[in-house]
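Below is a short report on a protein with a bound ligand. Look at the sequence and the structure first.

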Amino acid sequence: MDDLNTLREELMAAVNGATDTAALEEARISALGKKGRLSVMMKGLGAMDPEERKSMGQALNALKTEVADAIESAKTALENAELDAGLDADAVDVTLPVRPQTEGRIHPISQTIDEITAILGEMSFTVAEGPDIEDDWHNFTALNIPPDHPARQEHDTFYLPGEQDGERMVLRTHTSPVQIRTMQNGEPPFRIIVPGRTYRCDYDATHSPMFHQVEGLLIDEAIHMGHLKGCLIEFCRAFFDMDDLPVRFRASYFPFTEPSAEVDIGCTREGGQFRIGHGDDWLEILGCGMVNPKVLENCGIDPVKYQGFAFGMGVERLAMLKYGIPDLRTFYETDLRWLKHYGFSALDMPSMVGGLNR
Ligand code: PHE
């Protein structure tokens, strides 16, 4: 029995001394495992005489229960402690200041193109593209631009050296050649917009040798000037997010449209302050017109059956007006401070707020 007391003390010391669940498991195996000290003693009972076996058996069983219970409660305590320690180690200090992150900004040109596309996309125009390097025919001739037109002159247009297939190549001076490419390569009806880069020899606060336009072309049967006006009035009001923005069509001239018009929006210029909206002044924002039948013929389209309208707008100009950017040259100076100020978060979706669904 003395032996048993010693054993009891040793086993309990091992169980209570375990500092983690692994050590406790070792203590359990050395006491209760197959070859554990208690198990071995249980096996020894068979060799004892009946009296001794009875008293020893009871004592061993009691000790086994006691040890098993001690292991169980030590296990719970250790597991809780380990869980707490793990949680402490993984804890995040939410009071720490946020690390500064450099977030990219959407350039106002991209943002403005996205906005224009969103509005005209709602009117079921789809986006078409064409090459920046055009041939003379697509950029000028097919668009009914006469040989002596100022746009064709060397000092207005960038010509590439040499010729390709007998034609002078130019950096396209507008997105209108994509009208031609679209009509040549498909069958009417057409309803496209063309955002893209354009090039002219010009450089000051409102002109850049490279700039962006969005062209529009709609060709179908029975299209008239009313469709053109409805579409562009709606566009202007959605783009500037102003339900009652005054929009006026002023007669103009483009060789590729007949009749042609320039679109003005209402504004005020009081005391040097410029504001879009109601006022006694007008500001030109885009060119448009009914597609000249000669242009349709140049593309192999029957102008008796089909007609339509086209328009072209300068992206930088629209962005400057909408977002109050005073100098066009700053668009291309790649100054990160400028981009931070005038740029847009990637999370700002192109705004349709107050747009077409009024
Ligand atoms: N291409 C013209 C320009 O660059 C704009 C325009 C496009 C006008 C389509 C009428 C129709 O000025």
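The report covers the domains, the ligand site and some points of backbone geometry.

## Model and domains

This is a predicted model. The protein splits into domain 1, residues 2-89, and domain 2, residues 109-348. Between the C-alpha centres of domain 1 and domain 2 the distance is 88 Å.

## Ligand site

The ligand occupies the largest pocket. Three elements each give two or more residues to the shell around the ligand: strand E6 (210-220), strand E10 (281-291) and strand E11 (307-314). E11 gives the most, with three residues.

The ligand is surrounded by 14 residues. The closest are His174, Ser176, Arg200, Gln213 and Gly312. By type, the shell holds five nonpolar residues, seven polar residues and two charged residues.

## Polar contacts and burial

Which kind of ligand atom does each polar side chain face? For His174, the partner is a nitrogen atom of the ligand, and a polar side-chain atom of His174 lies 3.1 Å from this nitrogen. For Arg200, the partner is an oxygen atom of the ligand, with a polar side-chain atom of Arg200 at 2.9 Å. Gln213 also places a polar side-chain atom 2.9 Å from an oxygen atom of the ligand. These distances count as polar contacts because the cut-off for a pair of N or O atoms is 3.5 Å.

How much of the ligand does the protein bury? Taken alone, the ligand exposes 320 Å². The protein buries 89% of that area.

## Cis peptide bonds

Two cis peptide bonds deserve a look in the backbone. One joins Pro188 and Pro189, with omega at about 5°. Pro189 is part of the loop between helix H7 (177-184) and strand E5 (190-199).

The other cis bond joins Glu258 and Pro259, and its omega is about -5°. Pro259 lies within a strand, namely E8, which covers residues 257-270.

## Positive phi

Where in the chain is Ser124 found? Ser124 sits in the loop between helix H5 (108-122) and strand E1 (126-127). Its phi is positive, at about 65°, although Ser124 is not a glycine.

Notes: Residues are numbered from 1 along each chain as its sequence is written. This is a predicted model: local features need pLDDT of at least 70, side-chain atom pairs count only at pLDDT 80 or more; totals for chains, interfaces and linings use all residues. Side-chain values use heavy atoms; hydrogens and water are left out. A residue is near a molecule or strand if one of its heavy atoms lies within 4 Å of it. A polar contact is a pair of N or O atoms within 3.5 Å; within protein, one must be able to donate a hydrogen and the other to accept it, and residues adjacent in sequence count only if both atoms are side-chain atoms. Accessible areas come from the Shrake-Rupley method with a 1.4 Å probe; for residues, only the protein chains shown count as cover. On a 1 Å grid over the protein atoms alone, a cavity is a set of points where a 1.4 Å probe fits but cannot get out, and a pocket is an open set with protein on both sides within 12 Å along at least five of seven lines; lining residues have an atom within 4 Å of a point. A molecule sits in a cavity or pocket if more than half of its atoms lie within 2 Å of its grid points. Helices (H or I, at least four residues) and strands (E, at least two) are DSSP runs, numbered from the N terminus. Ala, Val, Leu, Ile, Met, Phe, Trp, Tyr, Cys and Pro count as nonpolar, Asp, Glu, Lys and Arg as charged, and the others, Gly among them, as polar. Domain bounds come from an automatic or database domain assignment.
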